[in-house]
Structure formats: structure tokens, C-alpha cells
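Visitor: I am new to reading protein structures. Could you show me one and explain the words people use for it?

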Amino acid sequence: MSQVQSGAMKALTLRLQDELFAVEAGSVREILDLVPITEVPNAPEFVGGLINVRGRVVPLADLRVMFGMDRPEPDQDTRIVVMEIDIEGEPTVAGILADKVHDVTDIEAASIEEAPKVGMRWRPEFVKGIGKRNGGFIIIPDLGRIFETQGARTASVAASEERSAS
């Protein structure tokens, strides 16, 4: 786990549906209210749109797609967390939708366990670990792997479409 100092991970906690997730606070650039989203035709559901962050085009991802969750309409609590994510060794700025952003907290390294291979509703390869806090669980997604998987899938779909077009 990177960003672990004095036995704890500084994490921004956020809610997706009824689950609590945590992302490394050090990779968060800013938290935005919902802004206009430009939909991208034929884009995968996971990254179906682009947003403008201070004049820069930033892809907007919906982790609920990757974790097989419902996608309710945005409300007054919906936020966009703009982060720098390491994708295949390249720092990349991307936004992720959150149903609600909570707070920055320390998750003790000793309380973070590997995701079990069975009994989870999410694909374990997309979960870096599961932390415990106040008697509940906090899912720590592996954003690098999620974005790499989606990028590779998008590239392979584009390549196969290109082949079939010629």
C-alpha cells in the first residue's frame, strides 16, 4: 500500500450506493460539485463522459459500473473526485463519480486485509484491500488496475472495429 505512513493510510472516504469506499487522499486533486458532462458516443459505460476541469479535458469514470451497482440519478450529494491515477506507469488525471464524499481519515494498515476470493459481490482483482473502521468495512478499490483494464478493453474494441471496417 503506498502512502502508508506511521502504520496508516490517509484516505478520502466516499459512498457508492450503500457501500463505503476509500481512495488514497494523496492522489486526490480536488472535489467538485456535479458539472456538465459531455457524453462520448460509443464509449464504454465505465468512462462514458468527459468533463472540463479548469480548461483541461478529463475523463469521468463511474466505479458503480465496474462493481455492478445501480446508477441512480445524481442528487445534491453527488460529487466528482478528481484524482491523479497511475495507469501503466503514467500519471493520469481522471474524475470518478461519488454518490457522497465523507471525510479524510486514517485507516490503520493493520486493519487492511486482502479481498477474499469468494463471498464478495465485486471482482476481487479490482479491490486492493478491505479496511475496517468503527465496526464497518471500507472497500479500497485498485484504481490503477480498474483503469488499465478498461483502457485495454477500449483499445481492443477500437482495434477490432477498425479491422472490421477495412
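Guide: Happily! Here E45, D62, R64, R71 and D99 are linked in a network of salt bridges. This is a predicted model, where local features need pLDDT of at least 70, side-chain atom pairs count only at pLDDT 80 or more, and totals for chains, interfaces and linings use all residues. Residues are numbered from 1 along each chain as its sequence is written, and side-chain values use heavy atoms, leaving out hydrogens and water.

Visitor: What makes D62 and R64 a salt bridge?

Guide: A salt bridge needs a side-chain nitrogen of Lys or Arg within 4 Å of a carboxyl oxygen of Asp or Glu. For D62 and R64 the N to O value is 2.9 Å, so the pair fits that definition. D62 also meets R71 in a salt bridge, at 3.1 Å from N to O.

Visitor: Why is D62 called buried?

Guide: Buried means under 20% relative accessible area, exposed over 50%, and partly exposed in between (1.4 Å probe, protein chains only). D62 has 4% relative accessibility, so D62 counts as buried. R64 is buried too, at 6%.

Visitor: And what is R71 called, buried, exposed or partly exposed?

Guide: R71 has a relative accessible area of 39%, so R71 is partly exposed.

Visitor: How do you know that V57 is exposed?

Guide: V57 has 60% relative accessibility, and therefore counts as exposed.

Visitor: Which salt bridge does R79 form?

Guide: R79 pairs with D33, their closest N and O atoms being 3.2 Å apart. The two residues are 46 residues apart and link distant parts of the chain.

Definitions and conventions. Helices (H or I, at least four residues) and strands (E, at least two) are DSSP runs, numbered from the N terminus.
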